[in-house]
Number of protein chains: 2
Amino acid sequence: MTLHDTMQQLGKNARAAAKAMAKARTAQKNQALHSMADLLAIQQDNLLKENEKDLTAGRERGLNTALLDRLALNPERIHAMAEGLRQIANLADPVGEISHLRYQPSGIQVGKMRVPLGVIGIIYESRPNVTADAAGLGLKSGNAVILRGGSEAIHSNLAIAACIHTGLTDSGLPAEAVQVVKTTDRAAVGELLRMQAYIDVIVPRGGKGLIERVSAEAKIPVIKHLDGLCHVYIDAKADLDKAVAVAYNAKTQRYGTCNTMETLLVHQAIAPSVLPLLVDKYQQAGVELRGCAKTQAFDPKILPATEQDWATEYLAPILAIRVVDDFDQAMAHIDQYSSRHTDAIVTEDWSLAQRFLTEVDSSSVMVNASTRFADGFEYGLGAEIGISTDKIHARGPVGLEGLTSQKFIVLGNGHIR
Amino acid sequence: MTLHDTMQQLGKNARAAAKAMAKARTAQKNQALHSMADLLAIQQDNLLKENEKDLTAGRERGLNTALLDRLALNPERIHAMAEGLRQIANLADPVGEISHLRYQPSGIQVGKMRVPLGVIGIIYESRPNVTADAAGLGLKSGNAVILRGGSEAIHSNLAIAACIHTGLTDSGLPAEAVQVVKTTDRAAVGELLRMQAYIDVIVPRGGKGLIERVSAEAKIPVIKHLDGLCHVYIDAKADLDKAVAVAYNAKTQRYGTCNTMETLLVHQAIAPSVLPLLVDKYQQAGVELRGCAKTQAFDPKILPATEQDWATEYLAPILAIRVVDDFDQAMAHIDQYSSRHTDAIVTEDWSLAQRFLTEVDSSSVMVNASTRFADGFEYGLGAEIGISTDKIHARGPVGLEGLTSQKFIVLGNGHIR
């Protein structure tokens, strides 16, 4: 079979499995999730053995330490994967939820019923735990999923998939509800992106190169975010303690995540009181600071920020700082440079907080809270398949609900127009 | 200026206007809608004069009677347009609605705020009233719109647009919130479909040729439905009166609409009692019937239905009828041939009604009601920009809510992770 035929067959299998999954009972889906979690624990030694094959191949190919770390499984990580599946089992089933069922003047009742999207294609890179997470979320939301992980993790992914398949079939669900693309041929991604007859939505998870490729090539709707260039704006009326806490946490709690602050904006009236405190804390944490001229005046060690800095997602211990004249200048800066992922204001001014919430056009907008909260778990979604900065369908962290749609239902009693 | 530059400028204007529209107060938007409605009445003579130019040109070009009828304005139609705008003014403003605001274990409050999509491109054919409808819905939902109507209606559309612009500016809103593409060059549509930097969603309204072109070429999300191949299934346990009423109404109330029934499925057990009644009524109404062999047995005048008939959206007084063995065969038929627009069951059997509602994967699924109800007004949306058979974002009739999105808002008090 050619690659094209293999992938088409995968699509057909997924479409057939999606029909069964849409009808699957909640208890059946939960049983499958618990069974998968049990199997991951039972199969731990085998998972570690298969993962070692990937690690060995990775070392031979000269993967760097960070990539090898992402690729590595260990008992803790396997336990965390299993726990993740059990948590998904504990979430409410979104499928079949009926809302807004109201009588209309004609006498019919009209409402909305939540239904699965159908088939979800997930394209990701080295972390093998995504295989379990994505399978669990897809399954619980009543979809079939096609998983295409990084070629460097293929042995780990197939070993995890074996546990998933047993969990599915043990619970009376079709094994094809979760399919892992077995070939590591890169052309398989291109095939997936053109399978609009069999795939309803594509979720890419990984670096910018992957996301850009998927966005450019996909003939299917994509749930994605490209950049996480997040801002914190400390307003003139900010509480000093809150400002320091939020701005420090948003940068330093983790450097490599998409919801980490990359640019700090400070109102000129509060800059003399807040910046010396923050500059000191950042420098103690080893954060390289790059500022506008007004910012540099506070410390000779602050490097000059260029136009390029305002547009850069560092994903590293580097922070751009700009002192702004007023709220409007901060808003204009955010409007120009934000990647529309997450932006926050620190202020005690009620009217400005309201304006910020209303006018900032980002997937998450925050008042007096760290941008690091932009996350499916922190938002109470239970888990997330990814974060969307698109405006259509799902925006912000995407949980089970984002993997579903709503159809209209009409209940009559022989009603006609 | 080249066409490309003209269209890019339109996009830039729309993007700028969208920012102002997102902040516009509800009262301001409603005032603009009422002002537009007033102006349409005041400008009636001018609208009729401009419309006459289009009609004359259309007659010269040899447009058929149906097309000329769609193109024609008259005092009643102008009044209906104005009333449509006033009705939109009376609808609740969707923008800024905050929902699901809940405390999370970390102490932050997380909720969703409804926000405009931004810029909506609407591509439509001959009916000039779409200009007013689409402008009204776009405006009320806080978006900027770019309207590209049929070239045959250009004078009418520009005259309506003049009323819209005055309504906007009289209310302190930017005239660029509603822009009509002035050129009738068909290449302008291609330009619109590639303006992903300036347009957030495209809504095509018109014949299949238009929708197919837009779907194939658009680099922007599209809200659309391609076909309306709707089914009514009369189950063995159907109430005879309801079955006759619903099946007759679903076909004959209007022939040319997307929610008209095109295929009737009848359980073999009820066929002998229901089909003679229905066949008689359809024939009296002049509906040409094409049936399977079992259907033909009921009347010699019923033509044979071919495979092609099950797959055809007639949009005409023609109906395909199939007698099925059981519920499962009806479900399989719908699964194979439905365009996923609207399908209905007539039954008194509670369990089968539940199965039909749950398992039929269409944008509207109905029990004991005519498919003709699948409509934004009948569903209480107040108005509709179109109907979507896609699964992503909006499904079924799309009203104001479908022209909005939700962002997350996070309210803290200095909260950090």
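Two strands pair if DSSP finds at least two bridges between them. Strands (E, at least two residues) and helices (H or I, at least four) are DSSP runs, numbered from the N terminus.

This is a predicted model: local features need pLDDT of at least 70, side-chain atom pairs count only at pLDDT 80 or more, and totals for chains, interfaces and linings use all residues. Residues are numbered from 1 along each chain as its sequence is written, and chains are lettered from A and ligands numbered from 1 in the order in which they are written.

**Exercise 1. Relate chain A to chain B.**

Superpose by least squares on the C-alpha atoms of residues with pLDDT of at least 70 in both copies. A turn of 180° with a shift of 0.0 Å along the axis lays chain A on chain B, RMSD 0.1 Å. That is the relation of a two-fold axis. In chain A, the C-alpha of A:His393 is nearest the axis, 1.8 Å away.

**Exercise 2. Trace the open sheet.**

Write the strand order: 10(A)-9(A)-11(A)-8(A)-7(A)-12(A)-13(A)-16(B)-2(B)-1(B). The pairing is mixed. Now find the edges: strand 10 (303-304) of chain A and strand 1 (98-103) of chain B each have a single partner strand, so one side of each lacks a neighbour in the sheet. Next, take strand 12 (342-346) and strand 13 (364-369) of chain A: they pair in the parallel sense over 4 bridges. In strand 13 of chain A, A:Val367 is the bridge partner of A:Ile345.
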